Every structure is written in structure tokens, then in C-alpha cells.
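Open the model in your viewer, keep the sequence panel beside it, and follow the stops below in order. At each stop you will be told what to select and what to look for.

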Amino acid sequence: MDRKQFADFLRSRREAIQPGDVGLFHGGPRRRTPGLRREEVAALSEMSTDYYARLEQGRGPVPSETVLGAIARSLRLSPRERDHLFFLAGRQAPAHEPLENSSSTGLSRLLDLLQGSPAQIVTPSGETLAQTPLSLELFGDESVYEGLERSLMYRWFTRPETRRIYPERDHALHSRSFTSQLRTACIQEGTGSFPERVVTSLLNLSQEFVTLWGMHEIDVRHEGYRKRVRHPGVGLVDLECQLLFSAGQTHGLLVFTAAPGTNGQHQLRELAGAVGA
């Protein structure tokens, strides 16, 4: 075990994580510690503050694989960072699980066949993994975000600009739908999952979300109702949503269509011509 490097790595990763990233209250201007406090990492890792402090000071015992895994999750380490943590501790890193943000081959092939339609591959917690040109034109690049902002649901309740492309009269339905989807994602993925971290953070940041979360709605979905999107070039586009999930329910293909002969169909054709789709 390289105790000095191990301690330095722990400290650098702790200072790089903001309280809001893990659903904790920032503490306002009086908070002097950059990133998380030691006691916060200890609590998230379910260990004593003294034990974690000794690890970060380079004088603790060689941590077990279980302890290392808990610290890696608490500090939101990437797969490579987690492997490095195990290496510095003199431990063999466990095998990687399949990447959550890798879209399934089948859905990717379907997306390739839908280049003339607004379509995207998403996760149950609202992360966008891939988009067609028309989806990019209507919604912008939704794959550029990091941290909790990868979730559209998180951005919906924390970034007002996320709502600008939708008519205000539709906002309430979107809010209910997104809250319902997050609840389902939490049930599917369990404790410590990405959607649970999104929920924990939103419960501290958005009173609207707190109210909707307390309603315990489950089946408020995009399918079966119109989704209207504002575009600066063609105006308000009236669309219908269809969501097809992969067999493992880890990724979904979200497709937007317009009924034949409607103004929406004409608008999509105009946009497709503009982007060369």
C-alpha cells in the first residue's frame, strides 16, 4: 500500500466533490472546506470519521475491498479512478460492471434507421445517450451534461432554461411525468443508484419536486399525450411520444412522431430538410 499517494488521492477527490453532488446541503458562505468534509465522506461510506481521517492522513490500516468500494461510491469515482484507488491500496480491483451509459446494440441500430425522425436513446433516470439530427435540432445536445445534470429530470427542476422550449401550460404535466419516472427508476435501480441520488438532491433543492414526490404517482407517462415543442424556425411543433425499452429495462428508445397530414408533419419535414436528415 502506498500510504502517501493513497492519502493524497483521497483528499484530492474529496475536495473535488461538492455537497450538492451527493445530495447534501452546501452550508452557505460559512462553509470553509473545499468539497466534502471528512465526516461527510465517512457518513456516506458508513464508517467512523476517525477511521476515514486516519486513512486520509496516511496512518490507517490497509482497507478491505468492501471499504474501498464504499469510498469509491461516496466520492463518485469513475471506473478508472476506482481502479487507481484499489491499486494504491495494494488491492486487486474488482471486475467492471457494464457501463450504464452504453446504449444497447439493438436500440442503436433502431436509432440509425430513424435518422429522419426526432429520436434518442435514454435511461430511466433521464440521461440522453444518443440523438438523431432532428432530436438535436429540437432539443439541443442533451448528452453534454455531467454529474446529476445528466438527468433531464434534475435539470427540469433546477435549471429554468430547460423549460423554455415547452409551453408554460404544459409544465405541470411534464413535472408530474418526470417525478413519476424518477420514482420508477429508483424502484428498479435501488439504494445508492444514480436516480436515488437525483431524488435526494432534488428534495433539498426544489419545493415543487418535494410536493410532487409526496403525491406518490407512478404511471404518469409521456406515451398517450401530446408533447409540444417550440422551435425558433418553425414555431410550436405538436408531437406524440412513444417509448420503447430494451429487454433489460436499462435503456429506452424515445421517438417523437406527428400524425399524417398535420402541421406537425409538415414542420418535421421542413426541419429535416434544413438539417439534411
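With which residue does Glu56 form a salt bridge? Select Glu56 together with Arg14, because these two form the bridge, with their closest N and O atoms 2.6 Å apart; a salt bridge here is a side-chain nitrogen of Lys or Arg within 4 Å of a carboxyl oxygen of Asp or Glu. The pair links distant parts of the chain, since Glu56 sits in helix H3 (residues 49-56) and Arg14 in helix H1, 42 residues apart.

Before going further, note how the picture was made. This is a predicted model, in which local features need pLDDT of at least 70 and side-chain atom pairs count only at pLDDT 80 or more, while totals for chains, interfaces and linings use all residues. Residues are numbered from 1 along each chain as its sequence is written, and side-chain values use heavy atoms, with hydrogens and water left out.

**The whole chain**

Show the protein chain as a cartoon, and you can look for 12 helices and 5 strands, which are DSSP runs numbered from the N terminus, with at least four residues (H or I) for a helix and at least two (E) for a strand. Of the 277 residues in the chain, 43% are buried, where buried means under 20% relative accessible area, exposed means over 50%, and partly exposed lies in between (1.4 Å probe, protein chains only). If you turn on the surface, the chain exposes about 14500 Å², and carbon and sulfur atoms supply 51% of it; accessible areas come from the Shrake-Rupley method with a 1.4 Å probe, and for residues only the protein chains shown count as cover. Among the contacts with a separation of 6 or more, 55% are between residues 24 or more positions apart, a contact being heavy atoms within 4.5 Å.

**Salt bridges**

Return to the charged pair you selected first. Glu56 is buried, with a relative accessible area of 1%, and Arg14 also counts as buried, at 6% relative accessibility.

Next select Glu81 and Arg13, whose side chains meet in a salt bridge of 3.4 Å, N to O. Glu81 lies in helix H5 (residues 79-88) and Arg13 in helix H1 (residues 3-16), so this pair ties together parts that are 68 residues apart in sequence. Both residues count as partly exposed, Glu81 at 24% relative accessibility and Arg13 at 25%.

Then select Arg150 and Glu127, which form a salt bridge of 2.8 Å, N to O. Arg150 is in the loop between H7 and helix H8 (152-158), while Glu127 is in the loop between strand E1 (119-122) and strand E2 (128-131), 23 residues away in sequence. Arg150 counts as partly exposed at 30% relative accessibility, whereas Glu127 is buried, with a relative accessible area of 7%.

**A buried threonine**

Move to helix H9 (residues 171-189) and select Thr179. At 3% relative accessibility, Thr179 counts as buried. Leaving aside its neighbours within four places in sequence, Thr179 is in contact with Phe157, Phe209, Leu212 and Trp213, so display these side chains as well.**The last helix and its cover**

Finally, select helix H12 (residues 263-275), whose 13 residues reach 19 Å from the first C-alpha to the last, close to the 18 Å expected at 1.5 Å a residue; the expected span is 1.5 Å times one less than the number of residues. Which residues of H12 are buried? They are Gly264, Gln267, Leu268, Leu271 and Ala272. These residues cover an arc of only 140° around the axis, which puts them on the same side of H12, the arc being that of the directions from the helix axis to the C-beta atoms. Turn the helix over, and the face away from the buried side carries the exposed residues Asn263, Arg269 and Gly273.

What covers the buried residues includes helix H7 (133-139), strand E3 (226-231) and strand E4 (235-245). Select E3 and E4 to see a hairpin with 3 residues between the strands, which pair in the antiparallel sense over 6 bridges; two strands pair if DSSP finds at least two bridges between them.

End on Gln267, which is buried with a relative accessible area of 5%, and touches Val234, Gly235, Leu236, Val237 and Asp238, not counting residues up to four places away in sequence.
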